[in-house]
Amino acid sequence: MSIPLLRELHQDVRRLVIAGAGIAADDLKLKRMLPQLQQLGEKAPIFKRVAEEVNGVTAAKPEHASGKLLDLAVLLHAVLHTQSSAEAEGDLLPLGNPDPFINVTTEFPYRKLKPLLDALTQRGHGRLETIKQGAEDGLFTDFRTFIPAVNGLRDSYAEIAEYIAEKVIPQMGAAVLPILHEHFHIQGNSGDARLLICIDQLTSDTESLWPLFTTASKEGAQPVRIAAISLMAGLPAFEDELLELSHDKKKEIRGAALTALSRLHSDRVVGRLIDALAKKDTELAIAPIQACAAPRLTEQLLQLGSSLIGKIESGEQTAVLKETLGGVISCFQTKAHESAVRQFLMLVLSNEKLDFKEYESLLNEAAQILLYSKDKLALTYLHELRDNRPPLIGYSLKAALRLLEPAELYDQYEGYLTQKKSKNARELLQAFYACTPNSFAYIYSEQEEQSNFAWDARWVDRFVELNEEELVCRLVKEPDKKIVAYLVEKSKVAPQLMKPRTVHLFHALFRVGHRETADLFLPALEQATQHSYYYLDREVQLLIAMLPSHSAEKLHQIADKITYEYSRNQLKQLADHVAAKPAAIETDAEGAGFLAWIKNKLS
């Protein structure tokens with residue numbers, strides 16, 4: 001059968017369909033093909049049928065041409081798809097050198113694999129979800145997914161490439177190793193770096209890969225070099241090579257080599273890390289030193305720090321010196337469990353040669369490390385530092401919170417807040433905000449309270465005097481006429497805008513049990529929803545849920561006036577929840593029962 005002739009005819013039919021069936025009757029190419037088709041029809045019935053259809057098209061009246069042309073197109077389509085060969089040109093070669101003991105399958109029907117293969121090989125939205133579903137369904141055990149998945153390691157959408165590297169390739173197992181080796185290019189990009197890491201993960205005899213790591217770390221493209229260096233980490237056999245790479249011209253390579261060296265604990269490694277910190281690679285060396293657990297490293301750091309302090313005391317003041325000392329302090333973040341480190345940091349904070357304006361960030365970091373060490377001696381030192389280093393009084397308060405009873409804390413720190421604009425007061429107020437959670441925080445936490453700190457009730461009165469309304473909202477626990485009056489007055493400032501400060505004020509009034517809170521909140525909500533209110537956020541939803549059940553009817557009335565459907569439906573659903581609120585939690589807006597109920601109801 002002359003398949004080329006049918007293909008040529010098929011192309012002509014497509015041309016006529018696009019151009020319009022009206023010109024098919026006078027088409028010269030169809031008329032020229034007709035005798036040849038009729039001649040072939042004497043030997044093959046299918047050609048006779050095609051010739052008849054072509055004749056029908058050329059002889060058809062204009063109003064019938066489109067139907068005749070469509071019949072011819074359908075016939076040609078069917079013949080070509082049943083008679084054509086689907087074989088690919090070229091020689092059939094084995095794929096890599098698979099282990100004879102590894103079996104691969106093609107057990108899934110192609111129609112189930114098709115969406116997954118499209119997601120791996122095409123572009124568009126929703127591909128990651130399809131790939132995740134394929135992994136959950138175990139489709140990646142099918143051999144037909146191997147090459148598309150390996151190519152997916154180079155996907156332009158990094159999240160897909162990372163997911164394939166972390167979840168999909170391990171699911172395939174060692175059977176995919178020949179394909180990984182075949183597709184890996186040492187001069188490739190980040191996709192080839194993922195390929196190399198996957199090869200390492202799936203190879204049982206990793207020592208056989210060491211020559212590849214060496215070559216890739218020196219001759220590969222930068223992403224491949226960095227990946228190879230990361231695979232050398234913790235392997236003593238590569239210590240010499242990593243030490244050499246830590247002097248590379250490229251900053252990224254030096255950083256990767258220092259990070260890999262941090263898992264080795266020899267004296268040479270310790271010396272190299274300290275040398276990098278003290279010279280041009282201070283920034284690069286900090287994280288590796290923090291991660292390194294070499295016994296002698298802390299001792300070397302303390303010696304370097306003492307040497308730098310000595311230079312400052314002798315009058316030397318350079319930007320490099322400050323940067324290096326700051327790097328030493330940062331390195332101690334993971335080593336504050338050692339008493340010698342804490343002693344050094346306390347000496348740094350006590351050293352009057354370190355002017356606070358020049359060394360502000362350094363001294364703040366030293367104080368923070370001591371605070372997080374939770375060592376009682378260090379906390380006591382910070383607490384007593386409040387008068388010697390006034391700019392660090394915020395750390396003194398945070399330390400005192402862990403040492404003193406609430407009343408004692410108030411007595412010792414209240415006096416620093418007499419003048420709100422003073423430096424001490426500003427530092428203390430920042431510390432208060434850092435140590436007191438947002439009034440809604442307990443809703444989002446798994447615990448009922450985020451903060452373990454207890455505060456003396458007198459602080460609320462002090463913050464009322466200072467007009468720190470947010471701190472009043474955070475700390476108020478008990479009803480008090482003066483405090484309630486303050487909160488009510490503050491809530492009257494543009495309540496219809498329902499800004500965060502207004503929401504916090506209403507929440508505080510609900511918590512202390514102010515009876516008129518609902519009467520203040522409902523009109524404010526009604527005014528707010530008359531504006532462009534697309535969505536009720538979680539805080540506003542919480543306030544609505546705290547309303548008494550008899551407010552449900554009013555909430556439905558407000559909802560009916562909302563323009564946007566989504567927020568209207570939100571409010572109606574909340575109104576139904578409020579109406580059905582269990583009586584046991586009606587009057588307990590802070591109890592465990594209410595907390596469990598509200599977490600279940602908030603959308």
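Student: How much of the chain's accessible surface belongs to carbon and sulfur atoms?
Tutor: Keep in mind that this model is predicted. The accessible surface of the chain comes to about 31300 Å². The share of that surface belonging to carbon and sulfur atoms is 51%.

Student: How many helices and how many strands are in the chain?
Tutor: Look for both kinds of element along the chain. The strand count is zero, and the helix count is 34. So the tally, by DSSP runs, is 34 helices and zero strands.

Student: What is the radius of gyration of the chain, set against a compact globule?
Tutor: Start with the reference. A compact globule of 603 residues would come out near 25 Å. The C-alpha trace spans about 115 × 75 × 45 Å along its principal axes. The radius of gyration of the chain is 38 Å.

Student: What percentage of contacts between residues at least 6 apart join residues at least 24 apart?
Tutor: First take the contacts in the chain between residues at least 6 apart in sequence. Then pick out those that join residues at least 24 apart. Their share is 65%.

Student: What percentage of the residues count as buried?
Tutor: A residue is buried when its relative accessible area is under 20%. The chain has 603 residues to sort this way. The buried share is 49%.

Student: Which residues touch the most other members of the largest nonpolar core?
Tutor: This core holds 105 residues. Leu 180 is one of the four we want. Beyond its sequence neighbours up to four places away, Leu 180 touches Val 150, Leu 153, Ile 169, Leu 195, Cys 198, Ile 199 and Leu 202. The four residues are Ile 131, Ile 169, Leu 180 and Leu 349.

Student: How many residues are in the second, separate core?
Tutor: This core is separate from the one with Leu 180. Its members include Tyr 416, Trp 455, Val 472 and Leu 543. The count is 63 residues.

Student: Is Leu 72 buried or exposed?
Tutor: Leu 72 sits in helix 4 (residues 62-83). Leaving out residues up to four places away, Leu 72 touches Val 13, Val 50, Glu 53, Val 54 and Val 57. Its relative accessible area is 0%, so Leu 72 is buried.

Student: Which residues does Glu 53 touch, not counting those up to four places away?
Tutor: Glu 53 lies in helix 3 (residues 45-59). Its relative accessibility is 16%, so Glu 53 counts as buried. The residues Glu 53 touches are Lys 68, Asp 71, Leu 72 and Leu 75.

Student: Why are Asp 12 and Arg 15 separated by about one helical turn?
Tutor: Side chains of opposite charge can pair when their charged atoms come close. Asp 12 and Arg 15 form a salt bridge, with the closest N and O atoms 3.5 Å apart. Asp 12 is buried at 4%, whereas Arg 15 is partly exposed at 33%. They are about one turn apart because, within helix 1 (residues 3-19), their spacing is three residues.

Student: Which residues are linked with Asp 12 in a network of salt bridges?
Tutor: The whole structure has 30 salt bridges. In this network, Asp 12 is joined by two others. They are Arg 15 and Lys 29.

Student: Which residue meets Arg 194 in a salt bridge?
Tutor: The N to O distance is 3.0 Å. The pair links distant parts of the chain, 32 residues apart: helix 10 (residues 190-202) and helix 8 (residues 158-172). Arg 194 is buried at 12% relative accessible area. Its partner, partly exposed at 34%, is Glu 162.

Student: How far apart are the closest N and O atoms of Glu 468 and Lys 420?
Tutor: In sequence, the two residues are 48 residues apart, each in a loop between helices. Glu 468 counts as buried at 11%, and Lys 420 is partly exposed at 34%. Their salt bridge has its closest N and O atoms apart by 3.0 Å.

Student: Which helices do the buried residues of helix 26 pack against?
Tutor: The buried residues are Trp 459, Val 460, Arg 462, Phe 463 and Val 464. After helix 26 comes Asn 467, with a positive phi near 60°. The packing partners are helix 23, helix 24, helix 27 and helix 28.

Technical notes
Residues numbered from 1 in each chain as written. Predicted model: local features only at pLDDT ≥ 70, side-chain atom pairs only at ≥ 80, totals over all residues. Heavy atoms only, no water. Salt bridge = Lys/Arg side-chain N within 4 Å of Asp/Glu carboxyl O. Helix = DSSP H or I, 4+ residues; strand = E, 2+ residues; numbered from the N terminus. Buried < 20%, exposed > 50% of the residue type's maximum accessible area, 1.4 Å probe, protein only. Core = buried A, V, L, I, M, F, W, Y, C linked by side-chain atoms within 4.5 Å. Contact = heavy atoms within 4.5 Å. Rg over C-alpha atoms; globule rule 2.2 N^0.38 Å. Areas by Shrake-Rupley, 256 points an atom, 1.4 Å probe, with all protein chains shown as cover.
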